[in-house]
Amino acid sequence: MSESATHAVVDSVARNSYGRLIAFLAARSGDVAAAEDALGDAFVAALRRWPTEGVPEKPEAWLLHVARNRLIDAARHNQVRKSSEQSLQLIAEEAATLAATNEPFPDERLKLLFVCAHPAIEVAARTPLMLQTVLGIDAARIASAFLVSPAAMGQRLVRAKTKIRDAGIPFRVPESAEWNDRLTFVLDAIYAAYTTGWENLMETTSTHHALAEDAITIGRTLVQLMPAEPEARGLLALMLYCESRSAARYANDSEFVPLDKQDTARWSQTMIDEAENHLLIAASFKRMGRYQLEAAIQSIHANRAKSGRIDWQEILLLYEGLVQFAPSIGSLVGRAVAFAQSGKPAAGLAALEQIPPDRVIDYQPYWAARGHLLELLNRKHEAQTAFTRAASLTDDPALREHLFKRADSNSNET
Amino acid sequence: MKYALLVHQPKEYFDRRQDQTAITAGRAYGEALQAAGVFVGGAGLQSPKTATTVSVRDGKRQVHDGPYAETKEFLAGFGIIDVPNLDAALEWAARHPAAADSAVEVRPLLGSHFVVGNKVS
């Protein structure tokens, strides 16, 4: 087999199986960093040997076999404790069985996701850790998406992996008593990857936007791993609704278009349909949660493509439910806007003013919402101030311009 | 794996520890650890006022009155438990009576370098 053909096979195995291979090795050794090193060596060996020896019938089993040899070498070299030698022996036996039978190797990615979002792991490390271990994204790219230096991101990831190994964080799926809390950490870490990507949507070719797609990939994996968990489907639906509008968010490539003004012909109906489907299945479990509610709100916006209108009354009801589950600033601001859009701007403003001021000092959506509500109440001067404040709090040039325009439209001259 | 549960309490809590309820809760917790077969060792500590700190510098012993660091919280007790993993250790830490109003720090022991009782961990 030619070298380029081998490269193509290796690439495809890496793309489709990287997370599963890491999860399998790490779940048995308890050491993510060692699993990554060993698998990296195995891929290098594949590139060297497959062109002459041919691609093995089961590339994954071959890679696991080589990787566990590397793990054993490393363990001997570092004289790690006896217990890990036993677990490595276990990997060896399992790898041999996998090579000999037609069984696919066990999928341990769910355990890996729960480890990445373990409460003992620093919050800022959870999302990067997930992206690196489950999708195999390199640290430099993750660093650029999170706007930190590659060195700082590298250190953050190393610290987290060391903690997993040394503190003995177990690779296990939590039991029902702790399920909801632990699942929330996983969902939040995935959603953080999505929003980090989404906020920088304008640069469609940038690593930022790729991150939003990566988050959806992990979201799909999660649904596949826990098909009966409604919140996993809720999260995936939420991300798909938002993603369906990526082409409509800017007109003429640089002009910000607010959601209710977007050209629905530019929405991806395929993504909307996929989202609707997940939300429907989620609802059948009759276990409401934050992500399902957020997705349901987006579903009503999506419905404008068909009905031509937005049912703000329904959105308000959903926000009332949402603030029960997750009284975040985001949901409180959304609820205030829903009040205003259902014809109750004064109630909306009152709801906004209930939010503690110190929590919204630098929260751009609050100031934009405030400007909008004051404008509806014809308090033009205050509206102008609020929009100006909002404009100064965004890093998206198109949104900044849009907010300054709204500030201007409330100035005394007009 | 062996973990240390380190109980950190504010100064004023040390006066309260002779309360009958505190004593009962502490004893029950210790018994639960023993019953589960995870208890390796541990004890509550007397007030930081009773502490004396020693260091040796240039061959000279320096002794000073008081705990290692004057902070708002002091080490009030420690336990060593032997459980399969961090989740199990956190579970026990959360059950510690002091977890309800103070904090329990969970730290893995330095594996083979630490001797507990007469067996090397």
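These questions and answers look at a sheet in chain B and a helix pair in chain A of a predicted model.

In this predicted model, local features need pLDDT of at least 70, side-chain atom pairs count only at pLDDT 80 or more, and totals for chains, interfaces and linings use all residues. Residues are numbered from 1 along each chain as its sequence is written, while chains are lettered from A and ligands numbered from 1 in the order in which they are written.

Q: Which strands are the edge strands of the open sheet in chain B?
A: Strands (E, at least two residues) and helices (H or I, at least four) are DSSP runs numbered from the N terminus, and two strands pair if DSSP finds at least two bridges between them. The open sheet has 4 strands in the order S2-S5-S1-S6, with antiparallel pairing. Pairing on one side only marks the edge strands, S2 (39-44) and S6 (103-108) of chain B.

Q: Which residue in S5(B) stands opposite B:Leu5?
A: Strand S1 (residues 2-10) of chain B pairs with strand S5 (residues 73-82) of chain B in the antiparallel sense, over 9 bridges. Opposite B:Leu5 in S5(B) stands B:Gly79.

Q: At what angle do the axes of helices H17 and H18 of chain A cross?
A: Axes are lines fitted to C-alpha atoms, for helices over the stretch in contact, and angles run from 0 to 180 degrees between N-to-C directions. The axes of H17 (residues 345-353) and H18 (residues 364-376) of chain A come within 9 Å, and they cross at roughly 145°.

Q: Which residues in H18(A) are met by residues of H17(A)?
A: Two residues are in contact if their C-beta atoms, placed from the backbone, lie within 7 Å. From H17(A), A:Pro345, A:Gly348, A:Leu349 and A:Leu352 meet A:Ala369, A:Arg370, A:Leu373 and A:Leu376 in H18(A).
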